Amino acid sequence: SETITALECIAADGWQMDPMFIFKSATFQESWFHGSEALPSKTLIAISPNDWISDELILQWLNYFHKATNGCDRTKKGEKRVLIFDGHSAHFSAEFLQKCQDYNIICVALEPHSTHLCQPLDGKPFLSYKQHFRVVNNELAYYAGQPAGKAEFLRVIAPVRERAFNSRIIRESFRDRGIYPVYGEAIVQKLKYQELE
């Protein structure tokens, strides 16, 4: 099986940014892009030797985030934005933090091992994403004899994203995590429940 890293970004009002996918490879392959026309027009495709996010790729993604959210219909030019992310070490390079400051982006890093409780994407959006992808992947495996690989991924992921990331699910994920509207007790209650298990 192959792993592909997906960087997704959502906002409390139900908005979603076009994704970034990272494939484990040393070079791009033309076959990956056959049938990928349904993907959002600004989808980023990157490669890395291990399919992980690197310092270089996170900076590329941050520039992409800045362009997608600054001075457009998302925010007024120069208005501050809040970026909530997990505590992955790639996010803490001096260059990343300096760019955030330059771009008027306020960084909120979630504590390690807390994202399953606090991170909006880790709630309903990714559960829905995984469920819809599993259905498509099972169909491919059944009819084609093998699950989706890099050559099929970009062709099948667009409808999966459409079903998984609808505005209602995104807004509910921020509410369920107590981020918007702000309700810290939502996380405290989940922690209490987790301690009882």
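Helices, taken as DSSP runs of H or I with at least four residues, and strands, taken as runs of E with at least two, are numbered from the N terminus. Read in those terms along the sequence, the protein chain of this predicted model follows the pattern β-β-β-α-β-α-β-α-α-α-α-α. The secondary structure comes to 7 helices and 5 strands.

The overall dimensions of the chain can be considered next. The radius of gyration of the protein chain is 18 Å, close to the 16 Å that the globule rule gives for 197 residues, so the chain is as compact as a globular protein of that length. Along its principal axes, the C-alpha trace spans about 45 × 45 × 30 Å. Of the 197 residues in the protein chain, 42% are buried, and of the contacts between residues at least 6 apart in sequence, 64% join residues at least 24 apart.

Turning to the surface, the accessible area of the protein chain comes to about 11,600 Å², and 54% of this belongs to carbon and sulfur atoms. The protein chain carries 22 positive and 24 negative charges, and the mean positions of these two sets are 5 Å apart.

Some of these charged side chains pair with one another, and the structure holds 6 salt bridges. One of them is formed by the side chains of glutamate 172 and lysine 124, with an N to O distance of 3.1 Å. Glutamate 172 belongs to helix H6 (residues 167-176) and lysine 124 to helix H4 (residues 124-144), so this pair ties together parts of the chain that are 48 residues apart in sequence. The two partners differ in their exposure: glutamate 172 has a relative accessible area of 17% and is buried, because the cut-off for that class is under 20%, whereas lysine 124, at 34% relative accessibility, counts as partly exposed.

Lysine 124 also takes part in a salt bridge with aspartate 176, in which the closest N and O atoms are 3.2 Å apart. Since aspartate 176 lies in helix H6 and lysine 124 in helix H4, this pair likewise ties together separate parts of the chain, here 52 residues apart in sequence. Aspartate 176 counts as partly exposed, with a relative accessibility of 25%.

Glutamate 172, for its part, meets a further partner, arginine 168, in a salt bridge with an N to O distance of 3.3 Å. Here both residues, arginine 168 and glutamate 172, lie in helix H6, where they are 4 residues apart, about one turn of the helix. Arginine 168 has a relative accessibility of 45% and counts as partly exposed. Through salt bridges that share partners, Lys124, Arg168, Glu172, Arg175 and Asp176 are joined into one network.

A residue elsewhere in the chain, glutamine 60, offers a second local view. Glutamine 60 is found in helix H1, which covers residues 55-69, and at 34% relative accessibility it counts as partly exposed. When its neighbours within four places in sequence are left aside, glutamine 60 is in contact with Met20 and Leu44. Methionine 20 is 40 residues away from glutamine 60 along the chain, while the C-alpha atoms of the two residues are separated by 9.8 Å; the contact between them rests on heavy atoms within 4.5 Å.

Definitions and conventions: Residues are numbered from 1 along each chain as its sequence is written. This is a predicted model: local features need pLDDT of at least 70, side-chain atom pairs count only at pLDDT 80 or more; totals for chains, interfaces and linings use all residues. Side-chain values use heavy atoms; hydrogens and water are left out. Buried means under 20% relative accessible area, exposed over 50%, partly exposed in between (1.4 Å probe, protein chains only). A salt bridge is a side-chain nitrogen of Lys or Arg within 4 Å of a carboxyl oxygen of Asp or Glu. The radius of gyration is taken over C-alpha atoms; the globule rule is 2.2 Å times the number of residues to the power 0.38. Accessible areas come from the Shrake-Rupley method with a 1.4 Å probe; for residues, only the protein chains shown count as cover. Lys and Arg count as positive and Asp and Glu as negative; His and the chain ends are not counted. The place of a charge is taken as NZ of Lys, CZ of Arg, CG of Asp or CD of Glu.
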